[in-house]
Amino acid sequence: MSMGSSWQVFSKATPPERGAFPLDLHGECADIVKQYLACMRSQKGQAVGCRDLTQRYLACRMDKGLMERDSFDNLGFSKEAEAAAAARSGAAPAVPSSPSSSPSSQQTK
Amino acid sequence: MRAERDLNMRSTINYVSAVLLTLLGLSYAAVPLYKMLCSETGLDGTPITSLGHKFEPESMVPVAGARPIRILFDSSVADTMKWKFTPETRQIHVVPGETALAFFQAKNPSDEDIVGISTYSVTPAKAAQYFNKIQCFCFEEQKLAAGEEIDMPVFFYVDPEFAYDPWMSDVKTITLHYTFFKSKYQ
C-alpha cells in the first residue's frame with residue numbers, strides 16, 4: 001500500500017484504475033498480441049489504425065477470464081468514440097488501410 | 001447508603017469497561033476500515049478497486065482535431081533482477097481521449113522462479129496527471145517460472161483535458177518508463 005507511495009508523490013502519477021492484469025501464462029491471447037504488434041508496425045504506431053485488434057485483445061482476455069467483463073463503452077469503444085476514431089483515421093493521410101478484420105465476429109458485449 | 005454506593009461503583013465499572021472494549025474493538029477494525037477508505041478514495045496511491053469508480057466512458061472519446069501525442073515506452077530492470085524486460089511497442093501515437101494498448105515482454109532466463117514487482121514513471125512529470133492507466137501489470141507482484149516468457153499489456157489513455165491545458169502545449173512526447181525489481185517476498 002505504502003510500497004510506491006513516496007514515488008507516487010514524486011512523479012504525481014496515479015495507479016491504474018482497474019489494478020493489474022493477471023498474467024496470460026498459457027498464451028491464450030498471444031495470437032492477437034502478435035497480430036496487434038504487426039498491425040502497429042504497419043501503421044507506424046498510429047493507435048487508431050489498430051483499434052479493432054485492441055478491442056479483440058480485450059475481448060479475448062474477458063473470454064478467458066483474464067479480465068473483468070465490462071461493457072466496451074467503459075473501455076473507450078462507445079459509439080461516440082468509434083465515430084470520432086473513424087473521422088480521425090479517415091482524415092489521417094497516407095496510412096495504408098488495415099485489413100478490416102471486423103470485431104463483429106467476436107463477442108463484443 | 002452503602003448499597004447505593006455499590007450500585008454507583010458497579011455502573012461506573014460497567015461504563016468504563018464498555019468504553020474500553022469499544023476502543024479495543026475499533027483498534028482491531030482500523031485495518032479493514034482504512035483499507036475500505038483507501039480503496040474507495042484512492043488515498044495514498046491505493047488503486048481504486050471498489051465498484052462505481054470506473055473512468056467515465058465520456059472521457060474516453062478521441063478529441064476531434066487534437067494534436068497527436070507520441071507515447072514512448074522504455075524499460076529497465078534493477079541490478080539484482082535477472083529478468084529480461086523490454087517494450088514490444090516502442091512508440092504509439094494517440095490523441096487525447098483515445099484508448100490504446102502497449103505491450104512489454106518479460107522473460108525469466110534464469111533457472112529459478114522469480115517474483116518481480118514494477119514501478120513506473122511518466123516524463124515530463126507535469127504530464128503525468130493526464131496519463132490515465134486503465135489497467136496494467138504494475139502494483140502487483142508477478143511470478144515468472146524459470147525460462148518463462150510473457151507479454152505484459154498496459155491499457156491507457158491520455159485525458160481529454162490534456163488538449164485544453166495551455167501548460168501542455170509544449171508536450172509532444174510522453175515517456176512511460178517501467179522498472180522491474182525483485183520482490184523481497186519469495
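Of the 109 residues in chain A, 48% count as buried. Keep in mind that this is a predicted model. Chain A has four helices and zero strands, so to speak an α-α-α-α run from the N terminus on. Across all chains, a search turns up two disulfides and five salt bridges. Here's a quick tour of the cross-links, the ion pairs and the surface patches.

**Disulfides in chain A**

- Counting bonded cysteines along chain A, the disulfides pair up as 1-4, 2-3.
- One of them ties Cys29(A) to Cys60(A), with the sulfurs 2.0 Å apart. The two ends sit in distant parts of the chain, 31 residues apart: Cys29(A) is in the loop between helix 1 (5–11) and helix 2 (30–42), while Cys60(A) is in helix 3 (residues 51–63).
- The torsion about that S-S bond is -95°, making the link of Cys29(A) and Cys60(A) left-handed. Both Cys29(A) and Cys60(A) are buried.
- Cys39(A) and Cys50(A) form a disulfide as well, with an S to S distance of 2.1 Å. Here the distant parts being linked are 11 residues apart, with Cys39(A) in helix 2 and Cys50(A) in the loop between helix 2 and helix 3 of chain A.
- The link of Cys39(A) and Cys50(A) is left-handed too, at -100° about the S-S bond.
- Cys39(A) counts as buried because its relative accessible area is 9%, and buried means under 20%. Cys50(A) is buried as well, with a value of 0%.

**Salt bridge in chain A**

- Glu82(A) pairs up with Arg51(A) in a salt bridge, and their closest N and O atoms are 3.5 Å apart. Glu82(A) belongs to helix 4 and Arg51(A) to helix 3, so this contact ties together parts of chain A that are 31 residues apart in sequence.
- Buried or exposed: what does Arg51(A) count as? Arg51(A) is buried, at 7% relative accessibility. Its partner Glu82(A) is partly exposed, at 29%.

**Salt bridges in chain B**

- Glu149(B) and Lys107(B) meet through their side chains, at 4.0 Å from N to O. This pair links strand 8 (residues 149–158), home of Glu149(B), with strand 4 (residues 99–107), home of Lys107(B), and the two residues are 42 apart.
- Glu149(B) is partly exposed at 44% relative accessibility, and Lys107(B) is partly exposed at 31%.
- Lys126(B) and Asp170(B) form a salt bridge of 3.0 Å, N to O. Lys126(B) is in the loop between strand 5 (114–123) and strand 6 (131–135) and Asp170(B) in the loop between strand 8 and strand 9 (173–182), so the pair ties together parts of chain B that are 44 residues apart in sequence.
- Asp170(B) is exposed, with a relative accessible area of 51%, whereas Lys126(B) is partly exposed at 34%.

**Surface patches**

- A patch of negative charge gathers Asp73(A), Glu80(A), Glu56(B) and Glu58(B) on the surface.
- One of its members, Glu80(A), is found in helix 4 (residues 79–91) of chain A. Glu80(A) is exposed because its relative accessible area is 52%, and the cut-off is over 50%.
- There's a nonpolar surface patch too, of about 490 Å², built from Val19(B), Leu23(B), Leu26(B), Leu33(B) and Met36(B).
- Among them, Leu26(B) has its place in helix 1 (residues 2–41) of chain B. Leu26(B) counts as partly exposed, at 47% relative accessibility.

Definitions and conventions: Residues numbered from 1 in each chain as written. Chains lettered and ligands numbered in written order. Predicted model: local features only at pLDDT ≥ 70, side-chain atom pairs only at ≥ 80, totals over all residues. Heavy atoms only, no water. Patch = residues over 30% accessible without salt bridge, like charges linked within 9 Å, V, L, I, M, F, W, Y side chains within 5 Å. Areas by Shrake-Rupley, 256 points an atom, 1.4 Å probe, with all protein chains shown as cover. Lys, Arg positive; Asp, Glu negative; His and termini not counted. Charge placed at Lys NZ, Arg CZ, Asp CG, Glu CD. Buried < 20%, exposed > 50% of the residue type's maximum accessible area, 1.4 Å probe, protein only. Disulfide = S-S within 2.5 Å.
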